[in-house]
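Me: I am new to this structure and would like a close look at a single part of it, set in the context of the whole. Please take your time and connect the details as you go.

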Amino acid sequence: MGGYNIPTTCNLTASSCIPEEKFASILKGSSDFVYVCDPEGHILYINEAARKILEISDDADLTALSLSSIHPAWANEIIVQQGIPSAIREGSWSGQTALLSLSGHETYISHVIIVCKSAKGQIEYISTVARDMTACKEIEDRLQKILNTTPIGLFLIDPETHTILEAND
């Protein structure tokens with residue numbers, strides 16, 4: 001897996017293990033974007049789906065990549081100030097950020113960060129599982145434009161709390 005050794009993965013509650021090769025094939029075949037970095041943010045592994053969207057070849061040297069090189073500045077700010085600190089405290093964090101391809105194209109993602117620690121509590125690596133949310137973002141932008149330009153009063157209500165989430169002028 002790109003030179004990164006992923007240990008055998010065990011589900012401790014079920015006392016079953018997935019051999020490394022099978023786990024590797026799951027990551028490789030996933031349509032989600034999966035990547036792993038060390039505690040300093042140096043990229044150790046990127047699956048095929050993430051490589052494709054980031055425009056990174058299979059034989060690329062990952063040592064030249066870091067978290068900050070595969071995300072736009074605004075997303076890096078969210079990751080560094082919110083995502084990683086929350087994942088360190090809670091074990092994981094989810095939010096919306098973006099990936100940045102080598103050609104500069106931003107892909108909006110639903111982003112989950114998982115911090116894996118040693119038995120002594122030291123951070124061993126930081127993993128991301130993400131999904132392309134570009135289509136959802138485009139729909140959200142169109143709806144926002146409609147909300148902002150419609151000459152009649154419109155508002156969005158939370159169906160559970162019945163509170164107004166947004167309204168136009």
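Me: Which residues does Thr97 touch, not counting residues up to four places away in sequence?

Reply: In this predicted model, Thr97 touches Trp74, Ala75, Ile78, Ile79, Thr107, Tyr108, Ile109 and His111, once residues up to four places away in sequence are left out. To see where these contacts sit, it helps to begin with the chain as a whole and then to work back towards Thr97.

The secondary structure of the chain comes to 4 helices and 9 strands, and along the sequence these follow the pattern β-β-α-β-β-α-α-β-β-β-α-β-β. Of the 169 residues in the chain, 31% are buried. Among contacts between residues at least 6 apart in sequence, 37% join residues that are at least 24 apart.

Within this chain, Thr97 has its place in strand β5, which covers residues 92-100. With a relative accessible area of 1%, Thr97 falls under the 20% limit and therefore counts as buried. The side chain of Thr97 is also joined to that of His111 by a polar contact of 2.6 Å, and His111 appears among the residues that Thr97 touches.

The strand that carries Thr97 belongs to an open sheet of 5 strands, arranged in the order β4-β3-β7-β6-β5 with antiparallel pairing. Strands β5 and β4 (43-46) are the edge strands, each pairing on one side only, and the twist from one strand to the next averages 25°. On its paired side, β5 meets β6 in the antiparallel sense over 9 bridges, and one of the residues involved is Ser94, whose bridge partner in β6 is Val112. The two strands form a hairpin with 5 residues between them, and in the turn Gly104 has a positive phi of about 95°.

Strand β6 spans residues 106-117 and β7 spans 123-132, and helix α3 (residues 73-90) lies across β5, β6 and β7, running at about 155° to β5. Among the residues that Thr97 touches are Trp74, Ala75, Ile78 and Ile79 as well as Thr107, Tyr108, Ile109 and His111, and the spans of α3 and β6 place the former group in the helix and the latter in the strand.

His111 also leads to another feature of the interior, since a search of the whole structure finds 1 cavity of 30 Å³ or more. The largest cavity holds about 30 Å³ of space, and its lining consists of Tyr35, Leu67, His71, Ile79, His111, Ile113, Ile126 and Thr128. The elements that give two or more residues to this lining are β6 and β7. Both Ile79 and His111 are thus found in the lining and also among the contacts of Thr97.

A second residue that links β5 to other parts of the chain is Ile70, found in the loop between α2 (48-54) and α3. Its relative accessibility is 2%, under the 20% limit, so Ile70 counts as buried. Ile70 touches Tyr35, Ile43, Leu54, Ala98, Leu99 and Leu100, again leaving out residues up to four places away in sequence. The C-alpha atoms of Ile70 and Leu99 are 5.7 Å apart in space, although 29 residues separate the two in sequence. Tyr35, one of the residues that Ile70 touches, is also part of the cavity lining.

Ile43, another contact of Ile70, brings in the other edge of the sheet, where β4 is an edge strand. Strand β3 (residues 33-37) pairs with β4 in the antiparallel sense over 3 bridges, and Ile43 is the bridge partner of Cys37 in β4. The loop between β3 and β4 holds Glu40, whose relative accessible area of 60% is over the 50% limit, so Glu40 counts as exposed. The C-alpha atoms of Glu40 and Ile126 are separated by 9.3 Å, with their positions 86 residues apart along the chain, and Ile126 is one of the residues that line the cavity.

One more residue shares the loop between α2 and α3, namely Glu55. Its relative accessibility is 39%, which lies between the limits of 20% and 50%, so Glu55 counts as partly exposed. Phi of Glu55 is near 65°, a positive value in a residue other than glycine.

Methods: Residues are numbered from 1 along each chain as its sequence is written. This is a predicted model: local features need pLDDT of at least 70, side-chain atom pairs count only at pLDDT 80 or more; totals for chains, interfaces and linings use all residues. Side-chain values use heavy atoms; hydrogens and water are left out. Buried means under 20% relative accessible area, exposed over 50%, partly exposed in between (1.4 Å probe, protein chains only). A polar contact is a pair of N or O atoms within 3.5 Å; within protein, one must be able to donate a hydrogen and the other to accept it, and residues adjacent in sequence count only if both atoms are side-chain atoms. Contact means heavy atoms within 4.5 Å. Two strands pair if DSSP finds at least two bridges between them. Axes are lines fitted to C-alpha atoms, for helices over the stretch in contact, and angles run from 0 to 180 degrees between N-to-C directions. On a 1 Å grid over the protein atoms alone, a cavity is a set of points where a 1.4 Å probe fits but cannot get out, and a pocket is an open set with protein on both sides within 12 Å along at least five of seven lines; lining residues have an atom within 4 Å of a point. Grid points are joined across faces, edges and corners, and a volume is the space filled by probe spheres set on the points.
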